[in-house]
Amino acid sequence: MPAALAVEAEDYLGWLSNERGRAPRTVASYRADLGGFATWLEARGSDLLAASSADIAAYLAHLRDDLGRAASTAARVAVSLRGLYRFLVAEDMASTDPTGALDVPRAPAGLPRALRRDQVEQLLASPVGDSPLVRRDRAMLEVLYGMGLRASELVALSLGDVDLDERLMRVWGKGGKERVVPVGRHAADAVGDWLSGAGRAALEPAEWRSRDDAAALFLNARGRRITRQGAWLIVRRHGDRVGLGPDELTTHVLRHSCATHMLDGGADIRSVQELLGHASISSTQRYTAVSQERLTEVYRRAHPRARY
């Protein structure tokens, strides 16, 4: 039986589907490749996050020499592994890429995917009730979609980064780059509710484990700063409730949905670039392709002269 994939690997597969636009069959192939490697590692007392360059080389040799797999199969597995570890490094979940020395072809870039607006509304309405955890979940979902944050940026937020009076937040992006972003009314209301006595205060421990936990905006049920994996699981839980599977919804998808819906609504690309914290405008321009794709679809469906 294949080893269960780590949350980080599941996040990567969701990113492949929703940001890179990979087809379900392609994502299933990546899943099988990662699962095979994870099972091989587990038998040797290791896992995907601890794998070394030597482990990867040995596994690829195992595929070719012991299992008799074709060279093309080993090359495909190498692509899958390289993609995973580059993702982990880019998202600050790993410090080094053990596939750095592999010589494998690059996969073509795809387009990011976004939820429909009605799907977003269903997701944001999923946290129902007044418990501290429900208030937290509601605030996290509103911030992810309303401000287009990366999961790593969300969990790094501290109390001092939030100014609800001015409806602004200070966000720390990749490479420690700081940006100040506006907070929409719904997100501000949800965060304010979370910061009330019935929200965050109810999860505060009698004694803080660290100053970082005490400063954290979002806490887990044990009163510690919530992790990226924890944020991923919260999004997935509410996605499951509204019928959005892992191929449709990840934390990345809410970021893409924010950008796409802003451009659909008439926002200029430079403003979206600033909001998302993209270093290069080329990263943001991919969303204009999505919006243009939607426009073309609507035109062909609605205009009488476009149907023939």
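# A guided tour of the model

Start with the whole chain on screen: its secondary structure comes to 14 helices and three strands. Keep in mind as you go that this is a predicted model. Of the 308 residues of the protein, 45% count as buried. The protein exposes about 15300 Å², and carbon and sulfur atoms supply 51% of that area. Among contacts in the protein with a separation of 6 or more, 60% are between residues 24 or more positions apart.

**Stop 1: helix 11**

Select residues 228-241, which make up helix 11. How far apart are the end C-alpha atoms of helix 11? They are 20 Å apart, and this agrees with the 20 Å that its 14 residues should span at 1.5 Å a residue.

Now colour the buried residues of this helix: they are Arg228, Gly230, Ala231, Trp232, Ile234, Val235, Arg236, His238 and Gly239. Which helices do the buried residues of helix 11 pack against? Show helix 1 (7-18), helix 4 (71-90), helix 5 (117-124), helix 6 (132-147), helix 7 (151-156) and helix 12 (251-264), and you have the set of partners.

Next, pick leucine 233, which also lies in helix 11. Is leucine 233 buried or partly exposed? Its relative accessible area is 42%, so leucine 233 counts as partly exposed. Add aspartate 11 to the selection: its C-alpha atom and that of leucine 233 are separated by 9.7 Å, although the two residues are 222 residues apart along the chain.

Before leaving, step past the end of the helix to glycine 243, which follows helix 11 and has a positive phi, near 80°.

**Stop 2: where helix 6 meets helix 11**

Keep helix 11 on screen and bring helix 6 into view. The two pack at an angle of about 95°, with their axes 11 Å apart. Helix 6 and helix 11 are therefore roughly perpendicular to each other. To see the contact itself, show the side chains of Arg136, Asp137, Met140, Leu141 and Leu144 on helix 6, together with Ala231, Ile234, Val235, Arg237 and His238 on helix 11.

**Stop 3: the aromatic rings**

Time to look at rings. A pair of aromatic rings is described by the distance of the centres and the angle of the planes. In this model the count comes to eight aromatic pairs. Select phenylalanine 37 and tyrosine 59: their ring centres are 5.0 Å apart and their planes meet at 45°, so this pair is tilted. The pair links distant parts of the chain, with phenylalanine 37 in helix 2 (residues 24-42) and tyrosine 59 in helix 3 (residues 53-66), 22 residues apart. Both phenylalanine 37 and tyrosine 59 are buried.

Now add tryptophan 40, which forms another tilted aromatic pair with tyrosine 59, at 5.4 Å centre to centre and 55° between the planes. Tryptophan 40 lies in helix 2 and tyrosine 59 in helix 3, so the pair ties together parts that are 19 residues apart in sequence. Tryptophan 40 counts as buried, because its relative accessibility is 11%. For tyrosine 59, also buried, the relative accessible area is 6%.

Elsewhere, select Tyr12, Trp15, Tyr30 and Phe87, which ring pairs link into a cluster.

**Stop 4: the loop between helix 4 and helix 5**

Two residues are worth a click here. Begin with glutamate 91, placed in the loop between helix 4 and helix 5. Is glutamate 91 buried or exposed? With a relative accessible area of 7%, glutamate 91 is buried. Leaving aside neighbours within four places in sequence, glutamate 91 is in contact with Ser152, Lys174, Arg228 and His252.

Then move along to alanine 101, found in the loop between helix 4 and helix 5. Alanine 101 counts as exposed, because its relative accessibility is 80%. Select arginine 82 as well: alanine 101 and arginine 82 are 19 residues apart in sequence and 9.8 Å apart in space, C-alpha to C-alpha.

**Stop 5: the loop between strand 1 and strand 2**

Finish at arginine 167, in the loop between strand 1 (162-163) and strand 2 (168-172). Most residues other than glycine have a negative phi. Arginine 167 is not a glycine, yet its phi is positive, at about 55°. At 37% relative accessibility, arginine 167 counts as partly exposed.

Methods: Residues are numbered from 1 along each chain as its sequence is written. This is a predicted model: local features need pLDDT of at least 70, side-chain atom pairs count only at pLDDT 80 or more; totals for chains, interfaces and linings use all residues. Side-chain values use heavy atoms; hydrogens and water are left out. Rings of Phe, Tyr and Trp (its six-membered ring) pair if their centres lie within 6.5 Å; planes under 30 degrees apart count as stacked, over 60 as edge-to-face and the rest as tilted. Helices (H or I, at least four residues) and strands (E, at least two) are DSSP runs, numbered from the N terminus. Buried means under 20% relative accessible area, exposed over 50%, partly exposed in between (1.4 Å probe, protein chains only). The expected span of a helix is 1.5 Å times one less than its number of residues. Contact means heavy atoms within 4.5 Å. Accessible areas come from the Shrake-Rupley method with a 1.4 Å probe; for residues, only the protein chains shown count as cover. Axes are lines fitted to C-alpha atoms, for helices over the stretch in contact, and angles run from 0 to 180 degrees between N-to-C directions. Angles under 35 degrees count as roughly parallel, over 145 as roughly antiparallel, 65 to 115 as roughly perpendicular and the rest as oblique.
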